[in-house]
Amino acid sequence: MNSVTVRVPAKVNLQLAVGPLRDDGYHDLVNVFHAVSIFDEVTATAETGMSVRVEGESADQVPEDGDNLAIRAAIALAGHAGRPYGVNLLIRKSIPVAGGMAGGSADAAAALVACNELWGLGLPREDLMEIAADIGSDVPFALLGGTAIGTGRGERLTSLDVAGTFHWVFALADGGLSTAAVYAECDRLRQASGELVAWPQAAGALLAALREGDAEALGAQLGNDLQPAAVALRGSLAHTLDAGRKQGALGSLVSGSGPTCAFLARSAAHAGELAAGLKDAGVARDVITAHGPVPGPAVV
Ligand code: C5P
């Protein structure tokens with residue numbers, strides 16, 4: 001086998017509860033991840049040395065050196081195997097870059113699955129999960145897919161039961177937001193307000209809405225503690241969120257650390273209408289529809 005291609009989905013956070021800042025610079029989270037049908041593709045081709053090339057949506061904003069999360073994942077996997085493997089990774093992007101939809105984490109997860117196959121390592125998912133957690137807090141979920149609750153940094157995962165399919169609209173923004181900068185702004189806002197930061201808790205009503213496939217109830221429960229920080233750094237997001245609410249979204253929130261905004265619709269048809277309305281309102285660079293949950297990375 002000379003080449004393996006893996007398709008991997010984006011995520012949106014349905015609940016992102018951010019606890020106090022830890023000594024290691026991270027925050028303890030309750031993070032409800034939901035994989036949605038926006039996909040990157042990563043093709044791993046056997047080669048001597050490690051290299052990466054990026055094509056597609058905002059490809060020029062993705063590093064093609066050792067900072068690229070996918071090549072870091074491939075290097076970590078070769079290190080774990082203890083062999084001088086090489087690979088060329090070709091990443092075809094559709095997931096917004098630095099958009100709060102874990103695109104970089106998705107590419108890293110896809111690289112782990114593709115190289116595991118290409119190099120014939122046959123490592124079980126649990127081993128890949130451990131390597132994934134070292135690459136980034138969102139990479140383990142990107143390996144898992146579906147809908148799951150993450151605790152710790154977000155890397156300790158439990159899959160959740162979800163009935164049916166939810167329909168989403170995503171408003172993409174111009175340019176990304178740095179995850180670290182958004183967490184830092186969250187800390188700054190909390191310090192300035194003197195807010196006592198509670199230990200993060202899963203919202204029982206949100207988990208029940210997922211179990212029952214109740215979009216109306218889910219819409220009312222969506223929540224993201226990073227949203228005030230993302231809006232503080234990118235004021236235009238307030239208008240985007242407002243436009244979605246006015247047009248009848250069941251719920252709206254900033255996805256992860258933003259700047260992508262997510263809107264929950266009643267049905268696929270409603271998602272189409274909502275997307276058209278948001279496009280007309282001119283509050284986003286682009287507007288796309290997707291559904292979730294979808295399975296994690298798969299060889300195609
Ligand atoms: O784990 P990852 O490298 O993706 O995290 C990027 C940044 O996001 C971290 O450097 C940290 O600033 C912030 N972060 C955090 N708490 C988490 C996850 C991420 O503060 N649980």
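The following is a conversation about a predicted model, its two domains, its ligand shell and some of its helix contacts.

Visitor: What kind of model is this, and how are residues numbered?
Guide: The model is predicted, so local features need pLDDT of at least 70 and side-chain atom pairs count only at pLDDT 80 or more, while totals for chains, interfaces and linings use all residues. Residues are numbered from 1 along each chain as its sequence is written.

Visitor: Which domains is the protein chain divided into?
Guide: The division is into domain 1 (3–160) and domain 2 (166–292), with bounds that come from an automatic or database domain assignment. Taken over C-alpha atoms, the centres of the two domains are separated by 22 Å.

Visitor: How many residues of domain 1 are in contact with domain 2?
Guide: Two residues are in contact if their C-beta atoms, placed from the backbone, lie within 7 Å, and by that rule 31 residues of domain 1 are in contact with 34 residues of domain 2. On the side of domain 1 that touches domain 2, the elements giving two or more residues are E1, E2 and strand E5 (147–151), where strands (E, at least two residues) and helices (H or I, at least four) are DSSP runs numbered from the N terminus. The residues of that side divide into 20 nonpolar, ten polar and one charged; here Ala, Val, Leu, Ile, Met, Phe, Trp, Tyr, Cys and Pro count as nonpolar, Asp, Glu, Lys and Arg as charged, and the others, Gly among them, as polar.

Visitor: What makes a residue part of the shell around the ligand?
Guide: A residue is near a molecule if its C-beta atom, placed from the backbone, lies within 6 Å of it. The residues around the ligand are Gly25, Tyr26, His27, Leu29, Gly136, Ser137, Asp138, Arg153, Gly154, Thr179, Ala180 and Tyr183. Strand E2 (27–46) and helix H5 (179–193) are the elements that give two or more residues to this shell, and H5 gives the most, with three residues. By class the shell has four nonpolar, six polar and two charged residues, and at least three residues are drawn from each of domain 1 and domain 2.

Visitor: Why can the annotated active-site residues be said to gather at one spot?
Guide: The UniProt annotation "active site", from an unreviewed entry, covers Lys11 and Asp138. They span 128 residues in sequence, yet no two of their C-alpha atoms are more than 9.4 Å apart, so they gather at one spot. UniProt positions are given in the numbering used here, feature names are shortened, and annotations may be inferred rather than shown by experiment. Lys11 lies in strand E1 (residues 3–21), and Asp138 is one of the residues around the ligand.

Visitor: Why is the crossing of H1 and H2 called right-handed?
Guide: A crossing is right-handed if the near helix is turned clockwise from the far one by less than a right angle, and left-handed if anticlockwise; the crossing of H1 and H2 is right-handed. Helix H1 (residues 69–81) and H2 pack at an angle of about 35°, with their axes 7 Å apart, the axes being lines fitted to C-alpha atoms over the stretch in contact and the angles running from 0 to 180 degrees between N-to-C directions. By class, this contact has ten nonpolar, three polar and two charged residues.

Visitor: At what angle do H2 and H3 pack, and which residues make the contact?
Guide: Helix H2 (residues 103–118) and helix H3 (residues 125–135) pack at about 145°, with their axes 10 Å apart. Ala108, Ala109, Leu112 and Asn116 of H2 make the contact with Leu128, Ile131, Ala132 and Ile135 of H3, and by class it has seven nonpolar, one polar and no charged residues.

Visitor: What makes the peptide bond from Gly258 to Pro259 notable, and where does Pro259 lie?
Guide: This bond is cis, with omega near 5°, and Pro259 lies in the loop between strand E9 (251–254) and strand E10 (261–265). A cis peptide bond also joins Gly292 and Pro293, with omega about 0°.
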